[in-house]
Amino acid sequence: MDERFDFHEIETRWQQRWDEKETFRAREDSTRPKFYCLVMFPYPSGRIHMGHVRNYTIGDLLSRFHRMRGANVLHPMGWDAFGLPAENAALERKILPSTWTYDNIAYMRSQLKRLGLSYDWEREVTTCDPAYYRWNQWIFLKMYERGLAYRKLSYVNWCPSCETVLANEQVESGQCWRCASEVAQKELPGWFLRISDYAEELLADCGRLADGWPRRVLTMQENWIGKSVGAELHFPVIDSDAAIRVFTTRPDTLWGATFMSLAPEHPLIRELVAGTPQEQEVLAFCDQLLRQNKIERTAVGAEKRGMPIGRAARNPVTQQPMPIWVANFVLMEYGTGAVMAVPAHDQRDFEFARAYGLPIQVVIQPLDRRLAPQTMTEAYTDAGTLVESPPFNGRRNLEAMEDLITYLQAQGIGRRTISYRLRDWGISRQRYWGTPIPIIFCDRCGAVPVPESELPVVLPLDLPFDFSSKSPLSQSPAFYETSCPRCQAPARRETDTMDTFFDSSWYFHRYTSPGETTRPFDPGRANYWLAVDQYIGGIEHAILHLLYSRFFHKVLRDLGMVNVDEPYDRLLTQGMVIKDGAKMAKSKGNVVDPESLIARYGADTVRLFMLFAAPPERDLEWSEQGVEGAYRFLQRIWRFAAIHLDSLRGLDRRKVPLDDLDAEGRDVKQTIHRTIKRVTHDIERRYRFNTAISAVMELLNKLLLYAPEPKSRPAERALLREGLETLLLLLAPIAPHLAAELWERLGHTALLADEAWPSFEPAYTTTDEIELVVQVNGKVRSRLSVPTDSEEEEVRQLALTDEKVRRWTDGKAVRKVIVVPNRLVNVVVA
């Protein structure tokens, strides 16, 4: 046997073996527990990066582990293939988006296979394939039938030179990224999905996910949905039949509302300024505000800018006129796009009022002092006593809130209501590379859905793509000229395509039956696999993708296609891969190419490093030394096996009783079983893959000390075989190629991937003493043998007085001592 692990030959051979034997093909089997492991599918950008490698390696470890634990595992892969980057690439390279996309898919598929990932490639889906996006269109039509898909006007980023809509990321400093023209806001019709109908359920079900999802992600979703309980109030516009609707969580401050602030895109503005001397100036100001980034415009501390429109509303309780202003800090996306401004009790309103000399009226007085508008330096936002608020004067504002809303309701001024920050999802994109929206516009019949029998509406790949900024769909009569399905009159096909988040909102359903041709997926097969047991992906998808896919799943449930309420039981958001203090990115020049790394060290080394370098939810700091260390560890295993394989091959797989072993052998036996227990616990319950690998390393060290040379006694050889087999079984989900090769060389005929996960004997895992690692500033400097469950103070003193530790601490200030019970001690010094 060679003394070095020839990963080039071995890894290629085992990948071919797994493919030939269809080792990871998933089939429904009601006799076994199922485990659906899903990693977020990639955009086919051309090359996988280290972030992909980390994500997919974590998923592969869990899939292989649960498979060995007896689960029926579904571990699929596919491609999120539509989207703007393909169009950009086509413009840059003068090739068709379809050519660029499919070439990239072929290359990236080969890269993923080189990592030895246990995907069921028979279930591969590609969202730009008509066999997939046909069902995008079907789902859209079902939503349309139920009133969940509708068309309305909305503001978009418009480049007048390119005559096209721009995505937010295509607007750079208010200018078009292509031609540097000034970008304007233009009102265009577009399609929306009524996700707001599911806002309450999406919010409530966050509580059901608390055991399996990171709290951070749930908080982000809860904040995005943004439930607020309050009142909707009506402010009549003076000299007009119009009224301004306002949602507020502070109806107790209504008596202090002195002016009205509207979002620049509020639909009433044009109506109210029409024909007035201020019309052109106000509309120009609105357009200026709309070109600004909304986040920057509304940021805390940003300059408060506004303009009066020359009209006023009437405060419905004080009857005082309230001048109407356009304000940069008001958004249509929250509430109604209108704010009753109460400068005495809202800080933004206060700053705005001070900037423009607007009146301030105090209606809540604190209990310990008196406020005067002229001397106030900031808004008073705490609780207090109502004043100037008949008939509620003298009452505590919070205690009076319910009575106050009831009073306003009785007076016809407003009503108790709930508002959500969540807005309906605009899915229209005026671009080419996406799913065509299956609607036909007829002058007689209006918007008419494409009949299901005519799906898919195929995105033509042979259009003359002239590499201008316009979508070729809007310039191709062959695509958009059609007849009305109802009256047969000449009609025009919708040329907008769908937001690519539509594609990724149900792909995990399609994985359950990707060959289905009569519906998006087979409900019976989907209900076997769903919900996804483990979903893995980046924190950047915490809101949009995860929220949209939860929404889709609930719609599909209501269509009778799935029978569980939530799509994902457990979510893991892996950290980023960091190099030189920043996330790996081409623009930063700190990218490490996975392909060159695999060529130099092998896939097993890359996998091992990615799993060992950091806990999965934390950022991973890239380290060449760490990669080399992982490579050396695998070579040590190979050399150890090379020494012993001849003497161990063919031995029975019998467990050696403790009584047959000497003291050293009993210690090895106990280490084997403690390692199984620890690795199982660290993978299954804690998701601490780095500490699991550390335990495997410790087991190898123990075996090397026990048997630097072949053993002759039968009991010792049997123990050594048990130790080596255990090592390989535990390593199988982490470094599967090396483990599979050595398993076969031990004489096994069955694949290691088909073996059961090792079990431990509880009696062998107890010990009177344990060994603690002692670190100084994070580096291992010593080890201590201490009684199990020693008191923390006792362990601290033992560590500080240890001779090896003192070499690194003498003369330095000890800032703190961190004790992890029964595991390690870390001494932090200045």
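This tour goes through selections in a predicted model, stop by stop.

**Stop 1: strand E26**

Select residues 534-538, which make up strand E26. Is this strand mostly covered or mostly open? It is mostly covered, with 5 of its 5 residues buried.

Now add residues 34-39, strand E1, which runs parallel to E26 and is joined to it by 3 bridges. To find the register, show Cys-37 and Gln-534: Cys-37 stands opposite Gln-534 of E26.

Next add residues 571-574, strand E27. E26 and E27 also run parallel, and 4 bridges join them. Here Gly-537 has Thr-573 in E27 as its bridge partner. To follow the chain between these two strands, display residues 544-558: the path leaves E26, passes through helix H16 and arrives at E27, a β-α-β crossover that is right-handed.

**Stop 2: Ser-504**

Select Ser-504, in the loop between strand E25 (497-498) and helix H14 (507-510). Why does this residue count as buried? Its relative accessible area is 5%, and the cut-off for buried is under 20%.

Draw a distance from the Ser-504 side chain to the backbone oxygen of Phe-501; the value is 3.3 Å. Then display Phe-41, Asp-80, His-545 and Ser-549, which are in contact with Ser-504 once its neighbours within four places in sequence are left aside.

**Stop 3: an aromatic cluster**

Keep Phe-41 on screen and add Trp-213, Tyr-507, Phe-508, Tyr-511, Tyr-535 and Tyr-568. Together with Phe-41, these residues form one aromatic cluster.

**Stop 4: a pair between distant parts of the chain**

The whole structure holds 41 aromatic pairs. For one of them, select Phe-7 and Tyr-631: the ring centres are 6.3 Å apart and the planes meet at 85 degrees, so the pair is edge-to-face. Phe-7 belongs to helix H1 (residues 7-20) and Tyr-631 to helix H19 (residues 624-648), and the two are 624 residues apart in the chain. Both Phe-7 and Tyr-631 are buried.

**Stop 5: a four-stranded sheet**

Finish with the open sheet of 4 strands, ordered E22-E21-E24-E23 and paired antiparallel. Which strands lie at the edges? They are E22 (446-449) and E23 (481-483), each pairing on one side only. From one strand to the next, the twist averages 40 degrees.

Inside this order, select residues 439-442 (E21) and 490-493 (E24), an antiparallel pair with 2 bridges. Phe-441 has Arg-492 in E24 as its bridge partner.

Notes
Residues numbered from 1 in each chain as written. Predicted model: local features only at pLDDT ≥ 70, side-chain atom pairs only at ≥ 80, totals over all residues. Heavy atoms only, no water. Buried < 20%, exposed > 50% of the residue type's maximum accessible area, 1.4 Å probe, protein only. Pairing = 2+ DSSP bridges. Right-handed = clockwise from strand over helix to strand, strands pointing away. Polar contact = N/O pair within 3.5 Å; in protein donor to acceptor, adjacent residues only side chain to side chain. Contact = heavy atoms within 4.5 Å. Axes fitted to C-alpha atoms, helices over the stretch in contact; angles between N-to-C directions. Phe/Tyr/Trp six-rings, centres within 6.5 Å; stacked < 30°, edge-to-face > 60°.
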